[in-house]
Amino acid sequence: MWSTLKDIHATTKDRSILDLFADDDRFATFSARFGEMLFDYSKTNIDATTLDALVSLAESAGLAEKRAAMFGGEKINETEGRAVLHTALRNLSGRAVTVDGVDVMPEVLATLSRMEAFAEDVRSGAYQGQGGKITDVINIGIGGSDLGPAMAYRALSPFRDGPRCHYVSNVDGADIAEVLAGLDPTTTMVIVASKTFTTIETMTNAATAQKWMAEKVTDTGAQFAALSSDPDKTAAWGIDASRVFGFEDWVGGRYSMWGPIGLSLMIAIGADDFRAFLSGGDSMDQHFLNAPFAENLPVLLALVGIWHNQICGYPTRAVLPYDQRLGRLPAYLQQLEMESNGKRVSMDGGDLTIASGPIVWGEPGTNGQHAFYQLIHQGTQVVPCEFMVAAKGHESALAHHHQLLVANCLAQSEALMRGRSLDEARTRMAAKGLTGDELERQARHRVFPGNRPSTTLVYPQLTPERLGQIIALYEHRVFVEGVILGINSYDQWGVELGKELALALDPILVGKEDGADKDASTRGLVSYIQTH
Ligand code: F6P
């Protein structure tokens, strides 16, 4: 199948995407809907033959069987011997989901109820800090224990009616220092979010927060909560079991915001809106399970991704939400996609013979337009762009802003596809009075090659339910791409080496060890740090 797709690419790569719209049905054919959400991929070079070949690729990779295995609780994370069941966290119907013959749903729903009761107590003031009602919550976590709730808290700010939440992740003391500086320890609650409860950044920040709180609060433990898979470690930290919310090893860190790791979000927006977020995710799960591949949004997103990266060879993709509140979405997706699919060994231990997942990057529009879009339009590299925008914003008094935002979003995908020819550029320069060599020289700088692919995801408005759908959409896209590439999307061995070496460098930096076994560059850098 790979060679069929490469052959298709070889014969179609120079054709005009714009010309494909000679087919009046192109938009209808190459867009798909899920409820009120619309995914348009007609501004790509994919045609019916390509789509058929891509769908066959997914079929031949055993996507349907592997999807059933994931939802069925099989241990598809083979390098860690774990099931992959973040979908169970949003299974509000309680349909049985079994791992090793045990239905995990009663436990999942019981934890959800405990979270809801606690969140409600925090919001109502039934649970208090030493100085009274909790005004601020600090979530201390990193990676999957930070990016999900931090991204969603910002995305759903119009729905916040609970305490303010702050997210501290970096071991750089600047991060926690700036957050603590504005807060009153007697009305602040700290949530230590760490699946393993060993992550050095998180434990260092948690200890600093505890020390800060101890200056004003007698029983600091009473203002701490923990989200973790390791109850022994949370107990050793002195956090009462009533404020510990656990989850099982079948929830991967970057897939964990649906469960206890989402506690800060739940405190901010309330249990009902958090349930709406879960139910949005669950509705996307049902769509992913049931829709035919050629109409299935996660599958289509993945196939477009595979086409652009593995077949066309475009090494990156840009995620460009035209939504200021989705400002952390690109960072969230960077972890989701690159920690999941940035692998060079296939499931069976062999070398991957195709490129692994692409580099994902982005920023909200319109800001990016005044920065890096120059390269997207005129650089030598093709960057497939993934636009997303709501039909309606939340600032009803500023509807004209939203209209401009939407106009810009749609204009960008149009500009990328259409481009501007040399003749058009010449005409413009001639109209400005230029002639001869100068006209030619200036015109060449104003050419847009065009024919650059993009997709657009549109939806009515960004609500908790919609955000749940969008996040689940991207999660399943990662799964589908991983299945097609034949890799394990659920481990992350690539983060380990750096962690080990950092631990080994710590005593060298403070002069307790000499570091003689280090390379000359590392020794030189250590020496510079020590002398400054
Ligand atoms: O270092 C990578 C990683 O393990 C991520 O996969 C994870 O989301 C993050 O660190 C945080 O881990 P934990 O929740 O165990 O602190």
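Let me start with the lining of the second largest cavity in this predicted model, which by class is made up of six nonpolar, two polar and one charged residues. The residues concerned are Phe-39, Leu-301, Glu-386, Phe-387, Met-388, Thr-455, Thr-456, Leu-457 and Tyr-474, and if you follow them on the structure you will see that strands S14 and S15 each supply at least two of the residues in this lining. The space in this second largest cavity comes to about 50 Å³.

Now, how many cavities of 30 Å³ or more does a search of the whole structure find? The search finds two, and I would like to turn from the second largest to the largest, whose volume is about 80 Å³.

The largest cavity is lined by 14 residues, and those that lie nearest its centre are Gly-305, His-308, Arg-317, Pro-384 and Glu-386. Glu-386 is therefore a residue to look for twice, since a lining residue is one with an atom within 4 Å of a cavity point, and Glu-386 is listed for the largest cavity as well as for the second largest.

Which elements supply at least two residues each to the lining of the largest cavity? They are helix H13, covering 297–311, together with strand S12 at 316–321, strand S14 at 385–390 and strand S15 at 454–459. Of these, H13 gives the largest share, with four residues.

As for the classes of residue around the largest cavity, the lining divides into five nonpolar, six polar and three charged residues.

Conventions: Residues numbered from 1 in each chain as written. Predicted model: local features only at pLDDT ≥ 70, side-chain atom pairs only at ≥ 80, totals over all residues. Heavy atoms only, no water. 1 Å grid on protein atoms, 1.4 Å probe; cavity = no way out; pocket = protein on both sides within 12 Å on 5 of 7 lines; lining within 4 Å. Points joined across faces, edges and corners; volume = space filled by probe spheres on them. Nonpolar A, V, L, I, M, F, W, Y, C, P; charged D, E, K, R; others polar.
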